[in-house]
Amino acid sequence: MPSPDQLAAWQRLSALATRPHTDQTDRFARYTIELPGLFIDFSKQRIDHDVLAALLDLAEQAGFATARARLFSGATVNVTEQRPALHTALRAPAAERPSIAGDVVDATLARVLRFAAAVRTGEHRGHSGKTITDIVHIGIGGSHLGPELAVEALTAGRAAPLRCHFVANVDGHAIATTLRGLDPARTLFVVVSKSFATLETQVNAASARSWFLERVGSLTALRQHFVGITANVPAAQAFGIEEHAIFPMWDWVGGRFSLWSAVGLPIALCAGPDAFLGLLAGARAMDEHFLGAAPDRNMPLLMALAGIWNYDFLGATNQVVLPYDQRLRLLPDYLQQLEMESNGKRVSLDGQPVSVPTMPIVWGGEGTNGQHAFHQLLHQGTSRFAADFILVANADHTLEEHQRWLLANGLAQSQAMLLGHDDPDPHRRVTGNKPTTTIVLDALTPGALGALLALYEHKVFCQGVLWNINSFDQWGVELGKRLALPIHDQLRGQSTAGQDASTAGLVAHIRARARNAH
């Protein structure tokens, strides 16, 4: 594909961006789409009929339909690593999966559900015969963010047979705080790493293993208390996890798209097997919509096109995520990785520098807390941004007044960003016309959450197609990992010869002050 800015539709959009949008009537009816349990409103976006038509032409000229078919067929869409990206196969009927997935999807899902049920009912017990009460999930990035979000969203405020704890950061405070007060005889550790060599996960898992053995004093007890999710079975076995307690990961599922696989085991454990199945069903419903809906009624495609319009033509450099539901407070963190690790790229599929802006900075926070923190910048600051509001119509609690005020605030904030406020006092004046999308879930069910996350997955894919970049690799992440290895040894006392002056100076400063300096 040629550079996006060489396409006729891109040039047409550049011209349209210089004038105000025109159709002001019937916007709500024209720019809203509803699926069972999920409603999306684009009417506050700065688009009109001409802009939408040009954006849809852009998708066609960029080869969107062909790229979508390749994604679902198992084609090699991750060109730098020569892999398909088949997270959609994890929630598809067997007859619709590419052959590469074979029967392993169903077999693995069955194992996940059986194991989760066994732990929840007490059939699987610890080494001393006690039931499991606490799950400690050890992973990072895609092996951590999705499961933690889903567990919190689907269990908050509900009685559950298991308490779920998540450890990702290599900072020792994270693992030490989590383990404090836990009973090793009632704790199950879930260690998640495709390579079983991810530094943070490796260090945290080793500390958890030492903590457990110091208190239990039996290597054989590990088999009842440690589970691995990995593609490197020998490494997991060498750690002490038995083969029957190892669940597979596959190269054709990227980490940030992996919560639908065995990586989602904590969801089945803590929210329940039925909740995990509901999550998969909701994502599958969004897959079917994405595959079958006409372009001008296709939720993921329209979200992607609105983003392209905001970022590349209206100058937005920030995408703000504003969930107005406490249970979704981790959604901005999850979307930061999904969107910025996928599309934070500066070279096109053919390795040439991109000629247009790609992914902006994603950030946000839950309402109404954010209104008393960063919304001032959104209303009167100078940075250009676009925002997604996520609302849930029905809460799981009975405090109706709380829910009405929560929803009223979410709607009022999106209205303020649209209309602004004219005032003779410039300090009180608020400019409007800021582009926002509002997504409303009927309720935060497993199915609705699955559909919401799949909606964003497909949005990310569409924008990668439109920018002609690879959304499925992350080579920039690997650089920092490599550079940390020699610095770790230098902090222990090795020579800093060859380091840049700034890093060498910082290493020396920290070594001089660290209690454990050698």
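Visitor: How many bridges join strand S1 to strand S2?
Guide: Strand S1 covers residues 32-35 and strand S2 covers residues 38-41, and the two run antiparallel. Strands here are DSSP runs of E with at least two residues, while helices are runs of H or I with at least four, numbered from the N terminus. Two strands pair if DSSP finds at least two bridges between them. For S1 and S2, the number of bridges is four.

Visitor: What pLDDT do local features need?
Guide: Residues are numbered from 1 along each chain as its sequence is written, and side-chain values use heavy atoms, with hydrogens and water left out. This is a predicted model, in which totals for chains, interfaces and linings use all residues, side-chain atom pairs count only at pLDDT 80 or more, and local features need pLDDT of at least 70.

Visitor: Back to S1 and S2: which residue in the turn has a positive phi?
Guide: S1 and S2 form a hairpin with two residues between them. Glu34 has its bridge partner in S2, namely Phe39. In the turn, the residue with a positive phi of about 85° is Gly37.

Visitor: Which strands are the edge strands of the open sheet?
Guide: Five strands form this sheet, in the order S4-S3-S5-S6-S7, with parallel pairing. An edge strand pairs on one side only, and that applies to strand S4 (163-167) and strand S7 (246-248).

Visitor: And what is the bridge partner of His137 in S5?
Guide: Within the sheet, strand S3 (residues 134-138) and strand S5 (residues 187-192) run parallel and are joined by five bridges. Opposite His137, the partner in S5 is Val190.

Visitor: Why does the span of helix H3 agree with what is expected?
Guide: H3 has 13 residues, 49-61. The expected span of a helix is 1.5 Å times one less than its number of residues. That gives 18 Å for H3, which agrees because its end C-alpha atoms are also separated by 18 Å.

Visitor: Which residue caps the N-terminal end of H3?
Guide: The cap rests on a polar contact, a pair of N or O atoms within 3.5 Å; within protein, one must be able to donate a hydrogen and the other to accept it, and residues adjacent in sequence count only if both atoms are side-chain atoms. Here a side-chain oxygen lies 3.1 Å from the backbone nitrogen of Asp50. That oxygen belongs to Asp48.

Visitor: Is Leu7 buried or exposed?
Guide: Leu7 is in the segment before H1, and among its contacts (heavy atoms within 4.5 Å) are Leu58, Gln61 and Ala62. Buried means under 20% relative accessible area, exposed over 50%, and partly exposed in between, using a 1.4 Å probe and protein chains only. Since its relative accessibility is 8%, Leu7 counts as buried.

Visitor: How is His124 placed, buried or exposed?
Guide: You will find His124 in the loop between H5 and S3. Leaving aside neighbours within four places in sequence, His124 is in contact with residues including Phe115, Ile132 and Leu188. With a relative accessibility of 14%, His124 counts as buried.

Visitor: Which helix gives the largest share of the largest nonpolar core?
Guide: A nonpolar core is a set of buried Ala, Val, Leu, Ile, Met, Phe, Trp, Tyr and Cys residues joined through side-chain atoms within 4.5 Å. Of the 117 residues in the largest one, Leu269, Leu331 and Ile439 touch the most other members. The largest share, 14 residues, comes from H17.
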